[in-house]
Amino acid sequence: MQDTLKQYDAVIAKCRALFVNKMSDYGSAWRILRLPSLTDQIFIKAQRIRSLQQNSVRKVDEGEISEFIGIINYCLMALIQLEKGVVEQPDLNTEEATGLYDKKTALTKQLMLDKNHDYGEAWRDMRVSSLTDLILQKLLRVKQIEDNSGITIVSEGIDANYQDMINYAVFAMIHLGESK
């Protein structure tokens, strides 16, 4: 489990660094995005990963890792939007946005620790392609919940699905890092 914590933190640090750099470049322009728009951005990233996994020819020189980073960061933006709501104009500076990012990351990491305890790190025996499929399944669930105005009868909410996608993407990045 100690390796998992170190690996998890290393992946999140890489994602966080990109988030901070993009905040410097673009500010918090992402704050105007509604949840379905963020969900669609995540869907595009996951579909591209699946396409890369199935096709031998690549026309864009970016691999799976950059797409998994995008999934993680867009999911964290979505979790922030769930808490703060959508705005008409960017309203967060880098320090405020990063504080929220860190808060949502900590909650998601705790969820991973709790599930890892119960599941015995079963993800370590999974394929990256299976983790990709699980992310796509979660996205379809989120889209359905969004189409139902956020109402569920017995299922967990949108936030839990975003957290699971973050954790699946982190696990995939750990796997990809180990295969090098």
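Exposed, on this tour, means over 50% relative accessible area, buried means under 20%, and partly exposed is anything in between. Keep in mind that you are looking at a predicted model.

**Stop 1: Ser-149**

Select Ser-149, and you land in the loop between H5 and H6. Its relative accessible area is 64%, and the cut-off for exposed is over 50%, so Ser-149 counts as exposed. Check the backbone while you're here: phi is positive, about 60°, although Ser-149 is not a glycine.

**Stop 2: Glu-121**

Now jump to the loop between H4 and H5 and pick out Glu-121. Here too you'll find a residue that is not a glycine but has a positive phi, this one about 55°. Is Glu-121 buried or exposed? At 17% relative accessibility it falls under the 20% line, so Glu-121 counts as buried.

**Stop 3: Helix H2**

Select residues 35–54 to bring up helix H2, 20 residues in all. From its first C-alpha to its last, H2 reaches 28 Å, close to the 28 Å expected at 1.5 Å a residue.

Next, colour Leu-35, Leu-38, Thr-39, Ile-42, Ala-46, Ile-49 and Leu-52, the buried residues of H2. Look down the axis: they cover an arc of only 145°, which means that they sit on the same side of H2. Where should you look for Ile-44 and Gln-54? Those two are on the other side of H2, and both are exposed.

To see what covers the buried residues of H2, show the neighbouring elements; H3, H5 and H6 are among them.

**Stop 4: Leu-82**

Move over to helix H3, residues 64–84, and select Leu-82. With a relative accessible area of 39%, Leu-82 lies between the two cut-offs, so it is partly exposed.

Which residues does Leu-82 touch, leaving out those up to four places away in sequence? Show Leu-35, Ile-158, Asp-159 and Tyr-162. You've already met Leu-35, as one of the buried residues of H2. Asp-159 is worth a distance label: Leu-82 and Asp-159 are 77 residues apart in sequence, yet their C-alpha atoms are 7.6 Å apart in space.

**Stop 5: The largest pocket**

Turn on a surface and look for the largest pocket, with a volume of about 430 Å³. To centre your view, select Leu-18, Lys-22, Tyr-26, Tyr-74 and Met-77, which are the closest to its centre of the 17 residues that line it. Helix H1 (2–26) and H3 are the elements that give two or more residues to this lining. Which of them gives the largest share? That is H3, with 7 residues.

Colour by class and the lining of the largest pocket splits into 9 nonpolar, 4 polar and 4 charged residues.

**Stop 6: The second largest pocket**

Finish at the second largest pocket, which holds about 290 Å³ of space. Of the 16 residues lining it, the ones to select are Lys-115, Tyr-119, Trp-123, Tyr-168 and Phe-171, which lie nearest its centre. Three helices give two or more residues to this lining: H4 (94–119), H5 (128–147) and H6 (158–178). Keep the class colours on, and you'll find 9 nonpolar, 2 polar and 5 charged residues around the second largest pocket.

Conventions
Residues numbered from 1 in each chain as written. Predicted model: local features only at pLDDT ≥ 70, side-chain atom pairs only at ≥ 80, totals over all residues. Heavy atoms only, no water. Helix = DSSP H or I, 4+ residues; strand = E, 2+ residues; numbered from the N terminus. Buried < 20%, exposed > 50% of the residue type's maximum accessible area, 1.4 Å probe, protein only. Contact = heavy atoms within 4.5 Å. 1 Å grid on protein atoms, 1.4 Å probe; cavity = no way out; pocket = protein on both sides within 12 Å on 5 of 7 lines; lining within 4 Å. Points joined across faces, edges and corners; volume = space filled by probe spheres on them. Nonpolar A, V, L, I, M, F, W, Y, C, P; charged D, E, K, R; others polar. Expected span 1.5 Å × (residues − 1). Arc of directions from axis to C-beta.
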